[in-house]
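User: I would like to go through the ligand sites and one helix packing in this model. Please keep the answers short.

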Amino acid sequence: MIQTDIADIDKAGERPDGEGGPKKVFVKTYGCQMNVYDSQRMSDALAADGYVPTQTLEEADLVLLNTCHIREKAAEKVYSELGRIRKLKDERARDGHETVIGVAGCVAQAEGEEIIARAPVVDIVIGPQTYHRLPEAVRKVRAGGKVVDTDYALEDKFERLPQLHKGEVKRRGVTAFLTVQEGCDKFCTFCVVPYTRGAEVSRPVSQIVAEAERLAEAGVREITLLGQNVNAWHGEGPDGRQWGLGELLFRLAGVPGIARLRYTTSHPRDMDDALIAAHRDLDALMPYLHLPVQTGSDNILKAMNRRHSAADYLRLVDKIRAARPDIALSGDFIVGFPGETAADFEATMKIVRDVTFVQAYSFKYSPRPGTPGADMGDQVAEAVKDERLQRLQALLTTQQRAFAGSLVGRGTDVLIEKPGRSPGQWAGRSPWLIPVILDEKPGEIGDIVDVRITRTGANSLFAVTA
Ligand code: SAH
Ligand code: SF4
Ligand code: F3S
């Protein structure tokens, strides 16, 4: 490793190699929205040490991979990327540049120092619980050394968070994520999240409201509340009571500037009446809900430890639709969980037909080390998983297209986000997350305008101002 003189390290904001200009950090994010949020948080923390973000890997002084461990493929991607980065680091070292390489996120938490054993190019391994210590880790590495920091969450974990947000939030767009809850106590038998993200921790109301206010001041109009189990959120309110997510949404709708709210990801068991009532009574809450069911088979739901039946899910959907008839549902599905028979899979196809999803994410079951599912007998053959996934995705795609088609001719509101790809075009966000393309500038960025949908594109809707 190239040693850096410790004196250089104190000169925050300057490169240690005499190249001049601020140090640059390149962050690559894999996995879920929580990682997107965390990547931003890490960039914020590093900005205090003088790092500016770059989109160009080749010019980075610090490379961070914010990784995902959810399926084998996701985890393995990291190692192929590290191979590419090793070459780059070697090339740059020949020119006298030092590049610090860090692995963050769920692979870091799950594999710890094994990562450095397998990919010695890595200087820092840091888990999601200790990002507040990242700047310190980078300084240590630049003084010569390696850092592995995968401690589990401390009790005061969330008290450390706002410090990362002190000062001005730069304008980053009109939509933003806001983490309200992290970790999971559900232990679905296929899932690594309870191990990589630890036990459920909820942030108190005052912190969440303060962050929402800062985002609103920076121009954000739409906030998506994040949590691995976001609807299990229970935070202490200013009145000393425990609030639930429904109550929190009402409070956030009162933050000046915030016009739209969403939350993800929800577990069916935690959809309580107050939250369903928020879908009925709160205009700011978008009529879109990601509510994974994973499978339609009661046997497999049980084996997955989802702790509800297919009928429970259908009843819940009825209740939500009674409160908000136009709500659009999105889901996650796993095919080929151990023991899944042809009949079990047909039950999944049936629940998809019964519910109708406007958006869905479906996966072949991937056995994950340390989870109960990996040790179950009756693992399903890859070819069978392939065939089932294809059939399921064909059905889900048909439903998605039918939904998009049903919107043509309808009016809706769109949050104007940015110029579109073609000159003159503008892009915005519909209530259902489907991007909307407009042929003329319908207002300013951040405005919410009424449009009429004219036709569907591959993954978008075209519209004219109403
Ligand atoms: N907290 C969310 C899910 C987080 S993981 C929830 O409870 O729904 C996102 C999705 O990845 C899951 O919903 C599941 O469909 C999928 N997934 C998780 N572990 C998996 C595995 N081992 N193999 C395949 N898909 C998996
Ligand atoms: Fe994973 Fe289940 Fe927790 Fe979701 S609820 S994060 S799928 S263990
Ligand atoms: Fe992946 Fe971790 Fe998110 S495993 S899905 S990055 S919580």
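User: Between which domains does ligand 3 lie?

Analyst: This is a predicted model. The shell around ligand 3 includes Cys-32, Asn-35, Arg-197 and Gln-228. Residues of this shell come from two domains, so ligand 3 lies between domain 1 (24-149) and domain 2 (163-177 + 187-285).

User: How many residues of the shell around ligand 3 are nonpolar, polar and charged?

Analyst: Around ligand 3 are Cys-32, Asn-35, Thr-67, Cys-68, His-69, Ile-70, Cys-106, Val-193, Arg-197 and Gln-228. By class, they divide into five nonpolar, four polar and one charged.

User: Between which domains does ligand 1 lie?

Analyst: Among the residues that come nearest to ligand 1 are Phe-190, Gln-228 and Asp-332. Strands β15 (328-335) and β16 (359-364) each contribute at least two residues to the shell. Two domains give residues to this shell, so ligand 1 lies between domain 2 (163-177 + 187-285) and domain 3 (287-406).

User: What is the distance from an oxygen atom of ligand 1 to an N or O atom in the side chain of Asp-332?

Analyst: Arg-71 has a polar side-chain atom 3.1 Å from an oxygen atom of ligand 1. Ser-366 uses a backbone N or O atom, which lies 2.8 Å from a nitrogen atom of the ligand. For the side chain of Asp-332 and an oxygen atom of ligand 1, the distance is 2.6 Å.

User: How much of the accessible area of ligand 1 does the protein cover?

Analyst: The shell around ligand 1 holds six nonpolar, four polar and five charged residues. One of its polar contacts is the 2.8 Å pair with the backbone of Ser-366. On its own, ligand 1 has 540 Å² of accessible area, and the part covered by the protein is 89%.

User: Which residues surround ligand 2?

Analyst: By class, the shell around ligand 2 has seven nonpolar, two polar and two charged residues. Its members are Cys-184, Lys-186, Phe-187, Cys-188, Phe-190, Cys-191, Val-193, Pro-194, Asn-229, His-267 and Arg-306.

User: At what angle do the axes of α10 and α11 cross?

Analyst: Leu-245, Gly-246, Leu-249 and Phe-250 of α10 meet Ala-274, Leu-275, Ala-278 and Asp-281 of α11. The residues of this contact are six nonpolar, one polar and one charged. The axes of α10 (residues 245-253) and α11 (residues 273-281) come within 7 Å, and the crossing angle is roughly 35°.

Notes:
Residues are numbered from 1 along each chain as its sequence is written. Chains are lettered from A and ligands numbered from 1 in the order in which they are written. This is a predicted model: local features need pLDDT of at least 70, side-chain atom pairs count only at pLDDT 80 or more; totals for chains, interfaces and linings use all residues. Side-chain values use heavy atoms; hydrogens and water are left out. A residue is near a molecule or strand if one of its heavy atoms lies within 4 Å of it. A polar contact is a pair of N or O atoms within 3.5 Å; within protein, one must be able to donate a hydrogen and the other to accept it, and residues adjacent in sequence count only if both atoms are side-chain atoms. Accessible areas come from the Shrake-Rupley method with a 1.4 Å probe; for residues, only the protein chains shown count as cover. Helices (H or I, at least four residues) and strands (E, at least two) are DSSP runs, numbered from the N terminus. Ala, Val, Leu, Ile, Met, Phe, Trp, Tyr, Cys and Pro count as nonpolar, Asp, Glu, Lys and Arg as charged, and the others, Gly among them, as polar. Domain bounds come from an automatic or database domain assignment. Axes are lines fitted to C-alpha atoms, for helices over the stretch in contact, and angles run from 0 to 180 degrees between N-to-C directions. Contact means heavy atoms within 4.5 Å.
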